[in-house]
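Please read the points below with the sequence and the model open side by side. They are arranged by topic, beginning with the aromatic residues.

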Amino acid sequence: MRATLGLLLTATITLAAARPDWQQLRGRIEATLHIPNPLPDNAAKSYGEFDVAPGVTAERISYATAYGLRVPAVVYRQRGASLTQRPALIVVNGHGGDKSSWYAYWAGILYARAGAVVLTYDPIGEYERNAERKSDTNQHDQYVAPDDMGRRMGGLMITDVMEATSYLAQRTDVDPKRVAALGYSMGSFITSIACAVETRLRGCVLAGGGDLDGPGGYWDSSRKMCQAIPYQSLSFLGNRGPAIYALQARHAVTYVFNGSTDQVVDIPNHGPDFFATLRRDTIKEQGSAKDVFEYGFAPNGGHRPYFLTKPVALWLEEKLKFPNWTRKEVEAMPETHISDWAIAKGLKAKTSENYEHGEGGTMALGTDIPAVSREELHALPEALWESQKDKYVYESWLARAKAAE
């Protein structure tokens, strides 16, 4: 009997020793990517609001982030809604995207009507974080030596999401226990790590990505500054994908959704079998299946912001409980073919077959979303932005990050 008890005690001690110190891992990720701990004072500022669509009000704000910089953002909410606490979402853009991208304001309007508060913002180098207020510049992709600058770039982008969480958590109309992030493409990568280290995030959707592979895989060889270098630098995690997903599962639920033929992030080589193995390894890493990520595919779908589609909206409704939606209502909601919508609205959208396989082929939930002009979606009045743009633009980050090196 004593021998049996001794073996059980030894096994228990061995398991406890093998179990990761999750907070220590989070701290090491933050230190590696130069994410400030504690975070800077959020110091949010408001610049007014406007009616963006029937039933939806948009607020223009900015908030603080790393390197003494600020982030311009637009926040969507139901018009006239009470201060009853409701879920909140953060939209994290892909390469070349910002708060003026069609899918960002579509998400803002769609989920504000569901009863959520939705924050959209500009990644570094885009729109109001660009010295010429241009979009689709991909400034954050420009390699700057040494490689630690790439870690700083990834860390800045993750801090932007964490500070957006801080802003939403302090709003009186937001339930801080129902804040989630929606990442698309590059945004899926940033969101995956942000959701691993930011324990106030209770959910995340990774669309057009989430296939966190191993050494020499897609993410190690993707764009250097904002993806490859930051991902390579997390090699201390061991099997990085399962470790990141296990960190998420300690406090959040996650849904990974891709098009089955999305070649942009190598989904043809990262199909159901890849995700089944990734999920199995995550369960092993965590020691249980509790809140380990779920995944799904759009048959024959390409690279798209799937958090606008019915399957993901149904998942969000189940997890966050939108006050204005029920599952039956979401199932019955009509959808919009984005290529047709873009043409009807006179947008300068690509309508080629390649575009149709990508964003143009998105079947987005809802039918009465307006085309919102870029001018409406600035956060700061132009004169104020001109006088303060050194707090926002890529060049300021570059100078301050180099000085920190």
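1. Which residues form one aromatic cluster? The members are W102, Y103, W106, Y184, F307 and W341. It should be kept in mind throughout this note that the model is predicted, and that every value quoted here is therefore computed from a predicted model.

2. Over the whole structure, the search for aromatic pairs returns 24 of them. One of these is the pair of Y255 and F257, whose geometry is edge-to-face, with 5.7 Å from centre to centre and 65° between the planes. Both partners are away from the surface in the sense of the accessibility classes, since Y255 is buried and F257 is buried as well.

3. A further edge-to-face pair is made by F275 and F293, with the ring centres 6.5 Å apart and an angle of 70° between the planes. Because F275 belongs to helix α8 (residues 272-286) while F293 lies in the loop between α8 and β9 (294-298), this pair ties together parts that are 18 residues apart in sequence. F275 is buried, and F293 is buried too. For a reader who wishes to check the centre distance, the cut-off for pairing is within 6.5 Å, and the angle of 70° can be set against the limit of over 60 degrees for edge-to-face.

4. Two arginines are placed over aromatic rings. R133 lies over the face of W385, 4.7 Å from the centre of the ring, and the charged end of R240 is found over the ring of Y231, at 4.1 Å from the ring centre.

5. How many salt bridges does the model contain? The count comes to 24. In one of them E49 is paired with R77, and the closest N and O atoms are 2.8 Å apart. Since E49 lies in strand β1 (residues 45-53) and R77 in strand β3 (residues 70-78), the pair ties together parts that are 28 residues apart in sequence. As for accessibility, E49 counts as partly exposed because its relative accessibility is 48%, whereas R77 is buried, with a relative accessible area of 17%.

6. Two further salt bridges deserve a check by eye. D175 forms one with R178, the closest N and O atoms being separated by 3.0 Å, and D175 counts as buried at 16% relative accessibility. The other joins the side chains of E386 and K389, with 3.8 Å from N to O. In that second case E386 is partly exposed at a relative accessible area of 43%, and K389 also counts as partly exposed, at 27% relative accessibility. Elsewhere, salt bridges with shared partners connect E49, E59, R77, R171 and D173 into one network.

7. The sheet can be described next. Nine strands make up an open sheet with mixed pairing, and their order is β1-β2-β3-β5-β4-β6-β7-β8-β9. The edges are formed by β1 and β9, each of which pairs on one side only. On average, with direction ignored, neighbouring strands of this sheet are turned by 20° against each other. Within the sheet, β3 and strand β5 (residues 117-121) are paired in the antiparallel sense over four bridges, and V75 stands opposite L119 in β5.

8. What does the side chain of Q248 reach at 2.9 Å? It is the backbone oxygen of S192. Q248 has its place in helix α7 (residues 240-249), and this residue is buried, with a relative accessible area of 0%. In addition, the side chains of Q248 and T254 are joined by a polar contact of 2.7 Å, so that two polar contacts, one to S192 and one to T254, can be inspected together; the cut-off for such a contact is within 3.5 Å.

9. The last point concerns R327, a residue of helix α10 (residues 327-332). R327 is partly exposed, with a relative accessible area of 42%. Its C-alpha atom and that of W315 are separated by 9.3 Å, the two residues being 12 residues apart along the chain.

Notes: Residues are numbered from 1 along each chain as its sequence is written. This is a predicted model: local features need pLDDT of at least 70, side-chain atom pairs count only at pLDDT 80 or more; totals for chains, interfaces and linings use all residues. Side-chain values use heavy atoms; hydrogens and water are left out. Rings of Phe, Tyr and Trp (its six-membered ring) pair if their centres lie within 6.5 Å; planes under 30 degrees apart count as stacked, over 60 as edge-to-face and the rest as tilted. Buried means under 20% relative accessible area, exposed over 50%, partly exposed in between (1.4 Å probe, protein chains only). Helices (H or I, at least four residues) and strands (E, at least two) are DSSP runs, numbered from the N terminus. A charge sits over a ring if NZ of Lys or CZ of Arg is within 6 Å of the ring centre and within 35 degrees of the ring normal. A salt bridge is a side-chain nitrogen of Lys or Arg within 4 Å of a carboxyl oxygen of Asp or Glu. Two strands pair if DSSP finds at least two bridges between them. Axes are lines fitted to C-alpha atoms, for helices over the stretch in contact, and angles run from 0 to 180 degrees between N-to-C directions. A polar contact is a pair of N or O atoms within 3.5 Å; within protein, one must be able to donate a hydrogen and the other to accept it, and residues adjacent in sequence count only if both atoms are side-chain atoms.
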